[in-house]
2 protein chains.
Amino acid sequence: MERYNLTLNKIWEYVKEINGDVEVAHLPPHGNNIRSTYAREYERTLRLADGLRRLGIGPRDKVATMDWNTIWHFDLYWAVPGMGAILHPLNVRLAPEDLVYIINHAGDKALVYHRDFAPLVEKIRPHLKTVQIYIQISDGAGAVGKDPEIEDVIKSGEPRPFPDLSEDTIATIGYTSGTTGKPKGAYFTHRALTLHTMSSALMFSVARGFARPECAEEVCTFLQLVPMFHVHGWGTPWTFALMGWRQVYPGRFDPNHVVKLIAEERVKSLAGVPTMLYMLLTAPEFPKYVNKIREVKPIFVVGGAALPKELAKRAAEAGFIPRVGYGLTETAPVLTLGYFRPTEKLPQDVEEYYSVLTATGLPIPFVDLVVADENLNPVPRDGKTMGEIIVKAPWVTPEYLGDPEKTRESFRGGWFRTGDVAVWYPDGRLRIVDRAKDVIKSGGEWISSLQLEDLIATHPAVAQVAVIGVPHEKWGERPVAVVILKPGAAATEQDIINHLQKFVDAGKIPKWWLPDKVIFVNQLPLTGTGKIDKKVLREQFKNALK
Amino acid sequence: MERYNLTLNKIWEYVKEINGDVEVAHLPPHGNNIRSTYAREYERTLRLADGLRRLGIGPRDKVATMDWNTIWHFDLYWAVPGMGAILHPLNVRLAPEDLVYIINHAGDKALVYHRDFAPLVEKIRPHLKTVQIYIQISDGAGAVGKDPEIEDVIKSGEPRPFPDLSEDTIATIGYTSGTTGKPKGAYFTHRALTLHTMSSALMFSVARGFARPECAEEVCTFLQLVPMFHVHGWGTPWTFALMGWRQVYPGRFDPNHVVKLIAEERVKSLAGVPTMLYMLLTAPEFPKYVNKIREVKPIFVVGGAALPKELAKRAAEAGFIPRVGYGLTETAPVLTLGYFRPTEKLPQDVEEYYSVLTATGLPIPFVDLVVADENLNPVPRDGKTMGEIIVKAPWVTPEYLGDPEKTRESFRGGWFRTGDVAVWYPDGRLRIVDRAKDVIKSGGEWISSLQLEDLIATHPAVAQVAVIGVPHEKWGERPVAVVILKPGAAATEQDIINHLQKFVDAGKIPKWWLPDKVIFVNQLPLTGTGKIDKKVLREQFKNALK
């Protein structure tokens, strides 16, 4: 008998059959509310796929999207892979130039865009070499321009069944943000995403701290906050459909609006980057809804960057249950979640408790994860020794699209090198301490630039700080701190060193981590995504210790 | 990058790492209590695998077991597939002759047996052509005979890591009970069992009626009641390990002892055939524990045969939550579970409620299930039209071992034909009404022998009944009832027909289902597993309507 193929279609058929009457709601800030169900959207995805087919989209064709978290984006997540084509969500925050590069590099055949991006599409359209089909999502606000509207595409299609697909069919592609060099393309098969969905769904249903007891008996609500143009929106559109949860799609991110939705729709779980959580907590409308939120106690899964302890505490006070997740564009994304073991006793001490809570978590099933030295051997689980996180999982991209050189750099011996530097605790948890390219290699040992930055930032005069490794004759590299002072504040190099010395005395960092130099500046160079560009800094100060 | 292989080893490593401190307890009736943990058993399975290696077991060698539900059986479930060998649990209830046939047909190289089966092993040993290695599980009661003891095998091994295996490596084989003809062999790869485990674990964690809210926050206990020689003990040794539940292994089935364990170990979930449930409810010691059981409310998943409404009601009154499951030796086994949709309102009417509760359930994720006519087309979901259940799933055996003829009969167009006849309800649930070989084909329509038997059995004078199809010139086949009366009771053919006529009048069955003849006998022929042998009956009464 032939192999049973693991495809997203099998999950979608299951969702339709079992969870068909559960609501999927599109509730954007501008009020074009649509309350649908999985069963209704299933039928619409069949029509959408057939409509795309009639426009000329076939198997293996790439369909790019530029969209908020809308119900059409949800439909495209199922319909495009379902018909054997390849979904390619584009990060709408990128510079137009990068978008053009990515679309041309991927060879996208169609571009489905929300009307909010119509001006952007007009700007890049002349430079797109492969796109033949443009479709607009007007989201109830009236179409602009001449491209066909997605509802008309859906209406033009018949609800023909999805084809039988091999599980090795590529379902999606996505590009890294490209902080160093050009964006790199990752791709994911139906098998990869199906297993990612199963493993995630199991964790959200069974893992301590993620499973919600009451949701075993009532229909609970998930709100899709993570932009769906970021690594499959972390996979949750598929995961929570399989789990039979109600889903809310909030459209364009508007913190006041999301806070209102969390309260009024009784959202039990959502996920996002720390900045989003911060924006919700500080939204002007937040106080109006805080009591309701305290009553519902939503789980907020923070990923994309470390969850600072202070933010975790603040979220907990505001009624959220803060949790962490970790993953990358190349890993579909989920690798770890900050859950607890069934038998685990959490620390009573508040600081220790939040240390466990904000660590990078534990691997989910089918993720082989090692914190490794440069020979890919595990470092000791001592909470001190740094190493690079390397992983194997069914949902890691097999390579970078059309980039054998970067592939060779990042894939070794069956392992994917994440480029993230972490320490490994005796309990198996890990904590990311740096990016591999930013970690400072001094005398064969590693110094975490992030950790030094966190400590320097606690000095009252410091507004911003970057710590970089600068070439040194004897030690290879030594740390140098580049500091912006707060307006009106004053501090000397010695003040900063004395401040750090207190952490040395307390045993928090070793003495040899103290920077060799502190440089004061008025401005720090930024990357396209708003992070401090350490590559530029390293070039600028490469002779600082000569 | 090479494929990530889905193997039981990946699950076992995850269990060790995350659920390592959770207890696995061996608590047999004779009191050789062992309270261990997953982490400790993990280490022991590495040693056991290495010990088996030293005795000459290699990849693809078959290791048969004859054992109760012991902690050693649990170890063998992980160690044998883990080392790349093939686990072959033997049904210890079979006749010695059948065991000899199966072991020789499979070509087992080793036989690991519980000391309780030492006399049986002595009886069959001279007839086993391929077994070179015998190992005894003495279970704390002292070894008998000269075969090595399993604890010595474990002690002889080093905790060497399991090898990397392809997911297509065969992990287990199992034989059908062979009610018709010789037992048939099914086999299951690591991929099949890994996906079976994932899908089952998700259902037990998220599906309405199976998920237990409190177990999201506390360590709950599963008791392995289904004999592990029956289709992987329904897979639960693997499933509940992945879920992080505590497990209790009760040794030889002793109803009084199991009832005590359920109460004292606060068992939250267990599974078994209806007879086992009945034996628990009627165990002499049951009244002693009923209050505790009512407090814990264990879920009891009934499979292997239909759950009669009366037994379900009785179980519910006694404090159990009765649930159903359905599967076959060929399907690993789980195909459906009697869970509810997230949005489902259960009927208020008690009879209707128990009808839903005792139906054969809904497919679990990755089971494609159709109730089909003879051309494999779906029958209407009208709750009336009968069809054969046909399935596809990643965990269906690809064929019968060395039996191309039976394979051709049962596998068609990518579908496995279960041989079970069911009706399909509008809500997607199904209810098995007969075995395909027992269903009566009258004038091109099907009559359920089971349903007629159930109705005839409600006549106060009837002790046992079998309804068979007997050749008929005009209709092809017509139903004939073969009845044993209760001692001292009396009834005529017309009494039985009049009794059935009431159900015709009430619209429960059509008039043309009434048997053409009722034959009274003193004895019914039985198969090796104690079921009524309809094949013999059909032969005996083939001329009854001529």
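What follows is a conversation about reading the interface, the cavities and one residue in a predicted model.

Colleague: Let's start with the interface. How many residues of chain A are in contact with chain B?

Modeller: Keep in mind that this model is predicted. In it, 58 residues of chain A are in contact with 58 residues of chain B.

Colleague: And how do I read the size of that interface?

Modeller: The general idea is that interface size is often given as the accessible area lost when the parts come together. Here, chain A and chain B bury about 4,800 Å² between them, with 63% of it on carbon and sulfur atoms.

Colleague: Which kinds of residues make up the side of chain A that touches chain B?

Modeller: Let me take the polar pairs and the elements before that. Across the interface, 18 residue pairs are in polar contact, both residues being at pLDDT 80 or more. On chain A, α1 (8-19), α7 (190-206), β15 (362-363) and β19 (415-424) each supply at least two residues of the side that touches chain B. The most comes from α7(A), with 10 residues. As for your question, that side of chain A divides into 35 nonpolar, nine polar and 14 charged residues.

Colleague: With charged residues there, what is the count of salt bridges between chain A and chain B?

Modeller: The count is eight salt bridges. One to look up is A:E17 with B:R341, where the closest N and O atoms are 3.8 Å apart. The cut-off for a salt bridge is 4 Å, so this pair, at 3.8 Å, falls within it.

Colleague: Now the empty space. How many cavities of 30 Å³ or more does a search of the whole structure find?

Modeller: In general, rolling a probe the size of a water molecule over the atoms shows where empty space is left. For this structure, the search finds four cavities of 30 Å³ or more. The largest has a volume of about 160 Å³. It is lined by 19 residues, and the closest to its centre are A:S205, A:A216, B:S205, B:A211 and B:A216.

Colleague: What does that lining consist of?

Modeller: It divides into 15 nonpolar, two polar and two charged residues. Both α7 of chain A and α7 (190-206) of chain B supply at least two residues of this lining.

Colleague: Finally, a single residue: where is A:N5 found?

Modeller: A:N5 is in the segment before α1 of chain A. Its side chain makes a polar contact of 3.2 Å with the side chain of A:R3. The side chain of A:N5 also reaches the backbone oxygen of A:L165 at 3.4 Å. Leaving out residues up to four places away in sequence, A:N5 touches A:K10, A:L165, A:S166 and A:E167.

Technical notes: Residues are numbered from 1 along each chain as its sequence is written. Chains are lettered from A and ligands numbered from 1 in the order in which they are written. This is a predicted model: local features need pLDDT of at least 70, side-chain atom pairs count only at pLDDT 80 or more; totals for chains, interfaces and linings use all residues. Side-chain values use heavy atoms; hydrogens and water are left out. Contact means heavy atoms within 4.5 Å. Buried area is the accessible area (1.4 Å probe) that two parts lose on being put together, summed over both. A salt bridge is a side-chain nitrogen of Lys or Arg within 4 Å of a carboxyl oxygen of Asp or Glu. A polar contact is a pair of N or O atoms within 3.5 Å; within protein, one must be able to donate a hydrogen and the other to accept it, and residues adjacent in sequence count only if both atoms are side-chain atoms. Helices (H or I, at least four residues) and strands (E, at least two) are DSSP runs, numbered from the N terminus. Ala, Val, Leu, Ile, Met, Phe, Trp, Tyr, Cys and Pro count as nonpolar, Asp, Glu, Lys and Arg as charged, and the others, Gly among them, as polar. On a 1 Å grid over the protein atoms alone, a cavity is a set of points where a 1.4 Å probe fits but cannot get out, and a pocket is an open set with protein on both sides within 12 Å along at least five of seven lines; lining residues have an atom within 4 Å of a point. Grid points are joined across faces, edges and corners, and a volume is the space filled by probe spheres set on the points.
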